[in-house]
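New to this one? Take a moment to look over the sequence and turn the model around before reading on.

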Amino acid sequence: MKRILITGSNGLLGQKLAALLLPRTDVELLATSRGDNKLAEIFPTLSFASMDVTNPVEVERVVAEFKPTHLIHTAAMTNVDQCETDQEGALRLNRDAVAFVVEACEKHNVHLIHLSTDFIFDGEDGPYDEEAEGNPISFYGETKLMAEEIVKKARCKWAILRTVLVYGVVHDYGRTNIVLWVRDSLRAGKVIKVVTDQFRTPTLAEDLAMGCWLAVERDAEGVYNISGKEMYTPYDMAMLVADYFDLDKSLIDKADGSTFSQPAKRPPRTGFIITKAERELGYRPHTFEEGIAMVAEQADMY
Ligand SMILES: NC(=O)c1ccc[n+]([C@@H]2O[C@H](COP(=O)([O-])OP(=O)(O)OC[C@H]3O[C@@H](n4cnc5c(N)ncnc54)[C@H](OP(=O)(O)O)[C@@H]3O)[C@@H](O)[C@H]2O)c1
């Protein structure tokens, strides 16, 4: 029996983990997030504890009480521009809270699965494997690299799962994703500008959740790339979405990243080589086209 504690359960990955793990009879699950449980309506049987990961006393208490075998740390400040403008807040959540989580995992002998990002790289020479050197160009990337350094020194079992441009449908979040944004804009006859100079291996949120579970199930240790397999620009992705829903592609305009004035710089070419996760964890991501179909189906459910 695995006892799994998830941080940030209200978020995109947290929700997908809850959906994946709740039905499993070989898992005892505790979902945690700051504030209230936003998932009570869709998962009425989910055990939830409010836990702010920036509060070390709370982290220690909840971990000590639940006694997990594994902790999946998804909570983070994930808005890249917000990290640039609120650097103190980003350090508190993306660096300091990781130290608190590590401390609790060390004390209670918990296997930590920590989530990281392609934004630890400068994007000059992607796709990257697990051995590539980090060199962030945004504050978000800096804080996530600092977190990795903390996790790598942890005196408990740990795995770092790095991921890229995660997309999926979230419940009660007021947040869209690239598939629905393109579909809904084109359906409304709106012209959209989409960048052609950023390359990524987009990740279906369900695949990332599965990657986390595989890491738990196999007690994986070390760094793993968990993303999609295909390298696309957001423009390519928009064209595939238009194809899938049979929408007017002439509404999709090409744009340079530099045409958007955003506080944080974006790495041009990231993307991951995922052969290690395929070989060692049996990870098998969906194609982007399969991902579009899954998102479309769920969009009508929530
Ligand atoms: N999404 C991506 O494209 C992407 C790409 C690469 C890496 N990642 C990494 O993957 C992980 C999961 O990302 P995600 O997309 O699921 O993020 P997300 O949707 O932003 O979810 C993060 C969750 O953490 C919660 N949270 C924020 N501050 C907290 C605190 N102090 N204590 C406890 N919970 C707190 C948030 O709560 P509220 O709901 O209250 O805000 C939110 O529900 C992150 O570590 C991220 O860095 C994500």
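What follows is a walk through this predicted model, from its cores to its ligand and a few odd spots along the chain.

## The nonpolar cores

Let's begin on the inside. The largest nonpolar core has 37 residues. Ile-4, Leu-17, Ile-72, Leu-161, Ile-226 and Leu-281 are the ones with the most contacts inside this core. Several elements chip in at least two residues each, among them strand E1 (2–7), helix H1 (12–21), strand E2 (27–33) and strand E6 (158–163). The largest share comes from H7, with seven residues. There's also a second, separate core of 36 residues, which includes Leu-30, Ala-49, Ala-75 and Ala-104. As a general point, nonpolar side chains in soluble globular proteins tend to be buried together.

Ile-226 is a good place to zoom in. Setting aside neighbours within four places in sequence, Ile-226 is in contact with residues including Leu-161, Val-164, Leu-208, Ala-277 and Leu-281. Its contacts also include Arg-162, Thr-163, Asp-207 and Tyr-283.

## Two well-covered helices

H1 is mostly covered, with eight of its ten residues buried. Those buried residues are Leu-12, Leu-13, Gly-14, Gln-15, Lys-16, Leu-17, Ala-18 and Leu-21. Leu-17 is worth remembering, as it's also one of the residues with the most contacts inside the largest core.

Helix H6 (residues 178–187) has seven of its ten residues buried, so it is largely enclosed by the rest of the structure. The buried ones are Ile-178, Val-179, Leu-180, Val-182, Arg-183, Ser-185 and Leu-186. What covers them includes strand E7 (166–167), strand E8 (192–195), helix H8 (234–245), strand E11 (252–255) and helix H10 (288–299). The N-terminal end of H6 is capped by Asn-177, which has a side-chain oxygen 3.0 Å from the backbone nitrogen of Val-179. After H6 comes Gly-189, with a positive phi near 75 degrees.

## Around the ligand

Which residues are closest to the ligand? Of the 27 residues that surround it, the closest are Leu-13, Asp-52, Thr-78, Tyr-140 and Lys-144. The shell divides into twelve nonpolar, ten polar and five charged residues.

Oxygen atoms of the ligand have some polar partners too. A polar backbone atom of Gly-11 is 2.9 Å from a ligand oxygen, and a backbone N or O atom of Leu-12 also lies 2.9 Å from a ligand oxygen. With Arg-34, a polar side-chain atom is involved, again 2.9 Å from an oxygen atom of the ligand. On its own the ligand exposes 890 Å², and the protein buries 89% of that. H1, E5 and helix H5 (139–152) are the elements that give two or more residues to the shell. E5 gives the most, with three residues.

## Two residues to compare

Now pick out Arg-95, which is found in helix H4 (residues 87–107). Is Arg-95 buried or exposed? Neither label fits: Arg-95 counts as partly exposed because its relative accessible area is 29%, between the 20% and 50% cut-offs. Leaving aside neighbours within four places in sequence, Arg-95 is in contact with Ala-90, Met-146 and Ile-150. Arg-95 and Ile-150 are 55 residues apart in sequence, yet their C-alpha atoms are 8.0 Å apart in space. The side chains of Arg-95 and Asp-96 are joined by a polar contact of 2.7 Å.

Lys-254 sits in strand E11. Why does Lys-254 count as exposed? Because its relative accessibility is 61%, and exposed means over 50%. Not counting residues up to four places away in sequence, Lys-254 touches Val-194, Thr-196 and Tyr-235. Glu-124 is 130 residues from Lys-254 along the chain, and 21 Å separates their C-alpha atoms.

## Odd spots in the loops

Most residues other than glycine have a negative phi, and most peptide bonds are trans. A few places here go the other way. The peptide bond from Gly-126 to Pro-127 is cis, with omega near 0 degrees, and Pro-127 lies in the loop between E5 and H5.

Asn-109, in the loop between H4 and E5, has a positive phi near 55 degrees without being a glycine. Asn-109 is exposed, at 65% relative accessible area. Asp-246 isn't a glycine either, and has a positive phi of about 60 degrees. You'll find Asp-246 in the loop between H8 and E11, where it is exposed, with a relative accessible area of 69%.

Technical notes. Residues numbered from 1 in each chain as written. Predicted model: local features only at pLDDT ≥ 70, side-chain atom pairs only at ≥ 80, totals over all residues. Heavy atoms only, no water. Core = buried A, V, L, I, M, F, W, Y, C linked by side-chain atoms within 4.5 Å. Buried < 20%, exposed > 50% of the residue type's maximum accessible area, 1.4 Å probe, protein only. Helix = DSSP H or I, 4+ residues; strand = E, 2+ residues; numbered from the N terminus. Contact = heavy atoms within 4.5 Å. Polar contact = N/O pair within 3.5 Å; in protein donor to acceptor, adjacent residues only side chain to side chain. Near = heavy atom within 4 Å. Areas by Shrake-Rupley, 256 points an atom, 1.4 Å probe, with all protein chains shown as cover. Nonpolar A, V, L, I, M, F, W, Y, C, P; charged D, E, K, R; others polar.
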